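Please find below some notes on the model, set out as numbered points. They cover a sheet, two helices and one loop residue.

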Amino acid sequence: MKRIFLSIFSALILFALLLTGCSSDKPKDPNENELYTQSPEQSPNILPTQTKTGYKKYMDFLGIDKDVEKIIEEDIDLDGKTEFLIACEADYGLKIFVIREDLDGELQKIGELGGAPYATSGVEIVEMQNKKQKYILESLTNGSALSGFALYEIDGDEIGQIEYSASATGAGDDHLVDANNDGFYDGYVQNRYSYDVFHFYVSRFYKWNGKDFVFDSAKIQLDDYPDNPRDVVSQFLKLNVLNGYEEKIDGVLERLSELNISNRKITLEKSEDWISDLQIDGIYYDADEKGNTAKVSVTLGSETITFDLAKKSNKWQIIDITGTNVVGASKDNSTDGWFAGFIGNKPIHAKFNISEGKVSGVYYYDEYKTSIKLEGYIDYIIQMQDFRTIYLSEDTNEKGEIIGIFKTDDYIQGCWKNDNVIYPMYLIREGADIIPPQQPSADSKKFEGHWTGKESAFFGGSTADIKVLFDDLIYYELYAFNGLNTGVLENFGIIKKGSAKAIFKDDANNENINGVLFKFRVENDLLHLDCDDYSFGCGMGVAFGSEYIKGEIEIKMPTALEVGIVDTKEQDELFKKLVGDKYDDFIMHTSYVFYSEEIWNGEEVKAGESYLRGYSNCCSYILSKEHIYAAIIGDDCIYYYTNDKNYANKIPEPMAEWANKRGKVFYNYKEI
């Protein structure tokens, strides 16, 4: 889905994304069978390990007596506390212990990594594109033909798995990649070459979107074109199964169209017996070749498929297919014929072609007769049950978009969009007996408008923008944020019995085979969102609200006292005078402060660092009875403020470790 930002409140803090970044370990070179060629050199910037004398207290804390292979210390989640990764010998590979040490030396066990089904062969701290927090990379192996990985993040006191990628067949090579060579991982590759891909060399590529990975593309290293009828049929059967997988592999469709020039197709992707026997070459082929023609019968149990082939230009090609699992040319891949309908109050005509999830087409306004090209795709990521959703961009200076759902193969409803301008659109195939949609009634118009989450606040909230297109259809844009983490969901809702409902397929991980429900209703001047997964489409720790108020809600920036930087109104006034025009910057990066009490210079003080979901530890604070010490990260520098003359030109010890990791310091002293 397209990502847009609707809230003015999050805009106040998004500038923090421009602040200083960090270097990263880069991925290994691809193996010799990998089709992906953009993987960079191994970076020398590997985090140092501890000496043996440096980990005894951690092993004592864990209560284990194992040989330690490696220990890494780093503030992984940027909460100001150091995490330690301790890799120990285990019965099967390595066991990884993750513990945390606070500023007082208190230790806390966060979790363990390692074990079945594959052995852990190593662990590293890595960095991902456009993320300031760090991640744990666990290397996996079966000791022979498999290497893979698992990627984790630390969220609070838990370890969350972001991705697990290792071949189930025991043969394959999966690893993170840095495609643009900027020092940060931005995706990963899966290399497969065993029976699961019929012994072709296949590479699948996944892109990092800031919170997880999404499938991007796949490539195959094909064998030479077969030189006999039997092998033509064998390759055709195997590539048909590969082409039926969810991820479409570049090059397969082209070879299939070269092997088969008939208008007949087969459907084997759900025939498990055929697939398993093809993987082990356990299918019987009966080939009868006569001159430039041939007939090949393929039998599995009681099922038979017969192929007629002809030799043209010294190449054997399939000219007809009969028998089990055979169908005519699929109508799902095209929308033959013209559609007629309206954009707003303007009559239009349109025609589309759909192939392998890609959509192209043309439309024109009847008034002008000027053809406008369209290019786009079918949304396979966030699919509504029972509907295909298409996204098309027009080739004009307006750069308008057509978004629609196929109510049937002959009927499309949706809208034309350009920024905040939205016009209703519908198209009916010429000759189809379909009644055009009704205009919005007073009952359906109650959904229309901009809504703000009832519980929205400065550091987190949500909005809903709804356009009523027809009496039975709305288009909505939901936006939510928590700190710098955001989530956006755009789609249609079908209006029935006073509610607008969308059910999304969410079966990619078999977590929710019944889909995710989004249901809007208006009661007592409130927009209610009924949902069984309010985080669907959102980032880490972000969720849409359940109740919305029409229009905007006045949300004021909190004070330093309200977010916990200071303890009293008097300190708040002092802090405001001390930091001057940086006051708002400190607030925007501090939803609250992790404070701990320390004895410093013989005095009890409070020392801590800021927390903001998505970007913590941007600010550091120390409070004593008479003085305030505050620092905030800027562009490649730190801005430091205090009213203590003794520390006018030096960083106080409680924030020294935090400051040492940052860069140049600009000192600001005021006698207040």
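1. How many bridges join β14 to strand β15? The count is seven, and the two strands, β15 being residues 293-300, run antiparallel. K290 stands opposite T293 in β15. As a caution, this is a predicted model.

2. The pair belongs to an open sheet of four strands, ordered β14-β15-β16-β17 with antiparallel pairing. β14 (284-290) and β17 (315-323) are the edge strands, each pairing on one side only. On average, neighbouring strands of the sheet are turned by 20° against each other, direction ignored.

3. Helix α5, residues 272-279, lies across β14, β15 and β16 (303-312). Relative to β15, helix α5 runs at about 110°.

4. Helix α4 spans residues 252-259, and its V252, R255, L256 and L259 are buried. Seen down the axis of α4, these buried residues fall within an arc of 100°, so they line one face of the helix. The elements covering them include β12 (213-221), α3 (229-244) and the edge strand β17.

5. S624 sits in the loop between β37 (619-623) and β38 (628-634). Is S624 buried or exposed? S624 has a relative accessible area of 7%, under the 20% cut-off, so this loop residue counts as buried. Leaving aside neighbours within four places in sequence, S624 is in contact with Q571, E603, V605 and Y629. In addition, a polar atom of the S624 side chain lies 2.9 Å from the backbone nitrogen of H627.

Methods: Residues are numbered from 1 along each chain as its sequence is written. This is a predicted model: local features need pLDDT of at least 70, side-chain atom pairs count only at pLDDT 80 or more; totals for chains, interfaces and linings use all residues. Side-chain values use heavy atoms; hydrogens and water are left out. Two strands pair if DSSP finds at least two bridges between them. Axes are lines fitted to C-alpha atoms, for helices over the stretch in contact, and angles run from 0 to 180 degrees between N-to-C directions. Contact means heavy atoms within 4.5 Å. Buried means under 20% relative accessible area, exposed over 50%, partly exposed in between (1.4 Å probe, protein chains only). The arc is that of the directions from the helix axis to the C-beta atoms. A polar contact is a pair of N or O atoms within 3.5 Å; within protein, one must be able to donate a hydrogen and the other to accept it, and residues adjacent in sequence count only if both atoms are side-chain atoms.
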